[in-house]
Amino acid sequence: MVLLSRGARRRAAAERWDTWRPKARVLGVVRTLTSATRLLDVLTLLRPEDDVEVTYTVNPGSAFAAGLDEYLTAVGARVLPWREAVRQRFDLAVACTVNASMHRLRAPLMVLPHGAGYNRLVRETTGDAVSPAGLSRRELTRFGRVVPAVIGVSHEEQVQRLASVCPRAVPRAVVVGDWCFDRITASVPRRDEYRRSLGLRGDRKLVVLHSTWGEHSLIGSRPDLPLRLVTALPVDEYAVAAVLHPNVWARVGELGVRGRLADALDAGLMLVPAQEGWRAATIACDVVIGDHGSTTFYASSADRVTLLAATGLAELDPVSPAARFALHTPRLDPDGDLFEQVRQGIEHHKPDSTREITEAQLGAPGRAGEILRRNIYGFLAHRGVTVPDAPPRPRPVPAPWPVRQAVPVAYDVTGLRLDDGTVGVRRRPVAPEPPDEPRGFLAVTDLDTHPRRAHSAEVVARTVVDAELPPAEWLERKAAQLPGADVLVAALGPDRCLLRLRDGTLLEARAAQALGAAHRVLDPVLLGCAVHLRRLADPAARAASYLTDEGLRVRTGERVLPVDFTEGPA
């Protein structure tokens, strides 16, 4: 008769309830949301058919651990409390951040970067001012013994830095490449899908603000930049989104982030969630304004126009590629003309200008999945789990769905009639406290709740289709309420509007559609602004005649929108 230990009896009893009996057990160890999302990415390399049970636990102690248990539960992960995780045996533990307390795990430990390599100097975790976080002696050893069985680095260059700060850990170092960047590269063909998710049409350019965390970050050093940027760029030519490091969200919560960016969000800023979306936004964008964080580094590696508003050199390992990147990437002057700097950045962008630097951090391009899977499965071989023959294919990253997508309700508008007969229009969102010297005239929508702004507007537009009041009646009422307005517009559909000019003329406008071209949308505010500018250019002409006979061609950036007019209702 064989007597089983108490632990064996518990396991046997628990296995009775299994539908799928696992061959091996892997523990994912997280400390922050950044490490959690990266770890979830890496552990998709375990194939379901190989019967590997994956459990997650939160290694306590991080200042940025808020909401981690809830996040893991929400994505469907099986979560063990840390006190229980350190009592159980696993075939492998994987972490995308390292901490000295992980020596308590009863499993071989594989640690991986949670960003683009190891770059930041964090004395609180490393215990010195020279070791990059993740490669320090304090984090990797206990009583002189190296704790991790594998220390994953994204490039051979990091092995050299490891040798200078913790030489006894070098034999455990393995160059694994960067699975996150491989997924970004593989997702590029889905750029149009990602742009659609962000509400972008045609050739409208996307500018993304990327900020890491801390006082030296973009958002920490220049908290006013999101609002200044979104009100500096013409909305018909540019959209603006913000990607903030998950540590920013963890410290103040989503309500705190939204509260601090409320004015910019009202002006049209899109805010990418902390959990997912930044990679797709990087693919969708044209210009990145960033700092020393990994997401800015990835964007430049993906050959996006990159301008730095903060360098973070005060907290970077001075010999790291990230420090070289901060020194050699073009700067953005946050106090200068932001629109002109973005235009110049696009015009003077040199493809592959930072390739030498980024390649010194992102090793084994296209092979990270294969290398990681081989190393992970190596710890499971004694359980009969063999490495798959075919290398893994990086799956496309999910589409970005912003936390909030608001349409501005007031615009500072400039423009003029151009030599080619088009009317050029530039609309910029108006901040809650408008500038003392506006660039041009004011245009507002009926959704503007400011008590006095509509009385100063030259253009007032109703954007809601099928509203309570019929369009002609709404225009008549507004004309009586706002006698100073030159053009009133009511949307009739996605490509049709009804206008009322100051003299009472009613016109129906329709975006001219071209055979085989994408459907043209007619924005009522844009239309009203173009008509007002046309009237300013030729005040003596009879509105009905020249608009009806000639139509109107509205230019926003490089795009021209032809508009046809007919007489409105009597």
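Let me start with two helices: α2, residues 33-42, and α8, residues 179-186, each supply at least two residues of the lining of the largest cavity. Keep in mind throughout that this is a predicted model. That cavity has a volume of about 90 Å³. Its lining comes to 13 residues, and those nearest the centre are Arg38, Pro113, Gly177, Asp178 and Trp179. By class, the lining has seven nonpolar, four polar and two charged residues.

How many cavities of 30 Å³ or more does a search of the whole structure find? Two. The second largest has a volume of about 40 Å³. Its lining consists of Ser300, Ser301, Asp303, Asp352, Ser353, Thr354, Arg355 and Thr358. Helices α15 and α18, the latter spanning 355-359, are the elements that give two or more residues to that lining. There are no nonpolar residues in the lining of the second largest cavity; five are polar and three are charged.

Helix α15 takes us to the open sheet. This sheet has five strands in the order β12-β11-β10-β13-β14, and the pairing is parallel. Which strands are at the edges? They are β12, residues 270-271, and β14, residues 305-308, each of which pairs on one side only. Helix α15, residues 294-301, packs on this sheet and touches β10 (205-211), β13 (287-290) and β14. The direction of α15 makes about 145 degrees with that of β14. At the other edge, β11 and β12 run parallel and are joined by two bridges. Ala242 is the residue standing opposite Leu271 in β12.

Next, strand β4, residues 92-95. Is this strand buried or exposed on its two faces? Both faces are covered: Leu92 and Val94 are buried on one side, and Ala93 and Ala95 are buried on the other. Strand β1, residues 24-30, runs parallel to β4, with four bridges between them. Within that pair, Gly28 has Val94 as its bridge partner. β4 also pairs with β5, residues 109-111, in the parallel sense, over three bridges. Here Ala93 has Leu109 of β5 as its bridge partner. So much for β4.

Now the barrel. Nine strands close into it, in the order β15-β16-β22-β23-β21-β20-β19-β18-β17, with mixed pairing. From one strand to the next, the twist averages 30 degrees. One antiparallel pair in the barrel is β22 with β23, joined by five bridges. In that pair, Thr556 has Arg559 of β23 as its bridge partner. Helix α20, residues 471-481, packs on the barrel sheet and touches β18 (459-462), β19, β20 (496-501) and β21 (506-511). The direction of α20 makes about 160 degrees with that of β19.

Last, the second largest pocket. About 1200 Å³ of space lies in it. The pocket is lined by 43 residues, and Arg201, Arg204, Asp236, Arg427 and Asp523 lie nearest its centre. Which elements give two or more residues to this lining? They are β11 (238-244), β16 (423-429), β19 (487-493), α21 (524-537), β22 (552-556) and β23 (559-567). Of these, β11 belongs to the open sheet, while β16, β19, β22 and β23 are strands of the barrel. The residues of the lining divide into 27 nonpolar, nine polar and seven charged. The five residues nearest the centre of the pocket, as listed, are Arg and Asp.

Conventions: Residues numbered from 1 in each chain as written. Predicted model: local features only at pLDDT ≥ 70, side-chain atom pairs only at ≥ 80, totals over all residues. Heavy atoms only, no water. 1 Å grid on protein atoms, 1.4 Å probe; cavity = no way out; pocket = protein on both sides within 12 Å on 5 of 7 lines; lining within 4 Å. Points joined across faces, edges and corners; volume = space filled by probe spheres on them. Nonpolar A, V, L, I, M, F, W, Y, C, P; charged D, E, K, R; others polar. Pairing = 2+ DSSP bridges. Contact = heavy atoms within 4.5 Å. Axes fitted to C-alpha atoms, helices over the stretch in contact; angles between N-to-C directions. Buried < 20%, exposed > 50% of the residue type's maximum accessible area, 1.4 Å probe, protein only.
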